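Please look over the sequence and the model before reading on. The paragraphs below go through selected side chains, their burial and their charge pairing.

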Amino acid sequence: PAWVGDPEGDVRDNYMSHMVYFPVDFVKPGQWRTHILFSYKGSDFDQGADYNKSSGSGVDYDRWRVERAYFEFKLKFLPVNAWIGVGHDLWDLDRAGGGLVYFDDDPGIRFYGNYEKFTWDFKFARKSEQTDSQAFETDSNRDVYLLKLGYDFGPYFRPHVFFAWDHNGAARYSLPQNHLYWEGSGSFHGLVSNAGTWNIYYVGANFTGKIGPLMYQVEGVYQGGDVDVNGDGILQMDGDYEDEFDVSAWAGLVNFQVDLAQWAPALNKFVVGLGGVYFSGDDDADDDDLEGFVGVTNATRFFKPWSMGTLPVHGVNAQPVVGNTIYAWNPTNWGVGPGTGGVIGQPAEGNGLGAHGDNPGMWAIVFTIDWVPYTNWNVKAMVKYMQWDDTDVIEKQLGDNDICYFRAPYGVETSERDIRTDKADDIDEEIGWETDLMVSYKIYSNVTLFGGISVLWPGDGIDDINKVLYDDDDSDPAWHGQLGVKFVF
């Protein structure tokens, strides 16, 4: 079971869920490998169902299915260790350094290998399920090309450089606050088929290793490209239409860890970490520059030193006031401009999962503890302080109601959406503090009990937003709790 709270202090939902994974692997070492993953998922709440509107907007599974199927084989005729693979599997570009750009499961093709200490990994992944529609009458595929190169200098220094190109042949914008005017539609709202295209690229590098007792992870990435919108374009806050947007954003992450048990063996394992992350935000929602960082499907919450599964309360898609998407920490569903990537691939009506290129960005300082006091126990804790990088887009989205039709979260009635500009002209950057705790106990070799709680203590920025939405700036903590059992056979 799990419970979800919101910044108004209400338990917005609780749900029971269960998942069964049955992997099947056939391997001939040094020649080929086949991996098939059967899964069964059952719940009354999965990936955001009914969190933002009563009709529900998530994905409910109650069946067996083939979740992944992948086959790879070695190219023995080449003078290097080279492999090629095809199928649907879990693809990774930069998770080890922070997951700022891509980590997801998709269908695709992979070519990877090494020559001595030099490594390469090329992937072609298709995310067409995010935008495919017969009504588009065009190539609606969203294709992602990923390349990572590395060299192993030993445990103290493992660098990688990487490149990604995200091409969406038929972007779709259906959110009212996008102000999208489709030529001939006579309306600013509603679904627009084949609204345009985006071509986004990423160039980055990361470094991981261990120097003496100090473990480190460092990553930096630049995002560029363009978005072309069909028809007259998107109606801006200043009353002008814009149909061409330039993308220029960046993100960075650094994290350091040390195991104190090296000096105090009685601790068994006691790893403490300190780090930070930055996603650039857009400082002007009225121009044609998209400066809010959006990864292909950036997965910061799966970055191993900071990962607790889905526990962090601000990193799941259930906090629309904070403005986060499924995998990222960056609040990319705040915005009034076109999408430039993300897990969903375009703004999705009703649940705010769109990855807007003019999002406010954010930065965070992160402190972590990973403690194994006894063989069967594990305790993980994390404390974060977070701020938006720039709140101009939030102020525009909330305040200029003459143009902006804002979809208020938590089922606010339409009559309550008459936002007054004077209340939204000074939104503070502070998101607040978050504390996370997860405890697990292995009662048998194959059975583990676990439980945890994540609490977001709202800062002045969330107070300001709730003041606009509800005329109440005394925000209560948002929280997410879990209890579970894991059986591995």
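Leaving aside its neighbours within four places in sequence, which residues is Thr34 in contact with? In this predicted model, Thr34 belongs to strand E4, which covers residues 32-43. Beyond those neighbours, the contacts of Thr34 are Val24, Asp25, Phe26, Tyr70 and Phe71. Thr34 has a relative accessible area of 16% and is buried, because the limit for that class is under 20%.

Lys148, in strand E9 (residues 142-151), is a charged residue without a charged partner. Lys148 is buried but has no salt bridge, and Asp92, the nearest side chain of opposite charge, is 4.1 Å away. That distance does not qualify because a salt bridge has to fall within 4 Å. A polar atom of the Lys148 side chain does lie 3.4 Å from the backbone oxygen of Leu93. Apart from neighbours within four places in sequence, Lys148 is in contact with Asp92 and Leu93, with Thr119, Trp120 and Asp121, and with His160, Val161 and Phe162.

Other charged residues are paired. Side chains of opposite charge can pair when their charged atoms come close. The count of salt bridges is 16. One of them joins Lys123 to Asp121, at 2.9 Å from N to O. Both ends are buried: Lys123 has a relative accessible area of 4%, and Asp121 has 8%.

Arg126 and Asp143 form another salt bridge, with their closest N and O atoms 2.7 Å apart. This pair links distant parts of the chain, since Arg126 is in strand E8 (residues 118-126) and Asp143 is in strand E9, 17 residues apart. Arg126 is partly exposed at 30% relative accessible area, whereas Asp143 is buried at 7%.

A further salt bridge brings together the side chains of Lys384 and Glu434, at 2.8 Å from N to O. It too links distant parts of the chain: Lys384 lies in strand E20 (residues 377-388) and Glu434 in strand E21 (residues 430-444), 50 residues apart. Lys384 and Glu434 are both buried. Elsewhere, Asp25, Arg33 and Glu72 are joined into one network by salt bridges that share partners.

The surface also carries a nonpolar patch, formed by Phe122, Leu147, Phe163, Trp165, Tyr201, Val203, Tyr222 and Trp250, with about 710 Å² of accessible area together. Strand E10 (158-171) and strand E12 (196-211) are the elements that give two or more residues to this patch. Tyr222 comes from strand E13 (residues 214-229). With a relative accessible area of 34%, Tyr222 is partly exposed, so it passes the patch cut-off of over 30%.

Technical notes:
Residues numbered from 1 in each chain as written. Predicted model: local features only at pLDDT ≥ 70, side-chain atom pairs only at ≥ 80, totals over all residues. Heavy atoms only, no water. Patch = residues over 30% accessible without salt bridge, like charges linked within 9 Å, V, L, I, M, F, W, Y side chains within 5 Å. Areas by Shrake-Rupley, 256 points an atom, 1.4 Å probe, with all protein chains shown as cover. Helix = DSSP H or I, 4+ residues; strand = E, 2+ residues; numbered from the N terminus. Buried < 20%, exposed > 50% of the residue type's maximum accessible area, 1.4 Å probe, protein only. Lys, Arg positive; Asp, Glu negative; His and termini not counted. Polar contact = N/O pair within 3.5 Å; in protein donor to acceptor, adjacent residues only side chain to side chain. Contact = heavy atoms within 4.5 Å.
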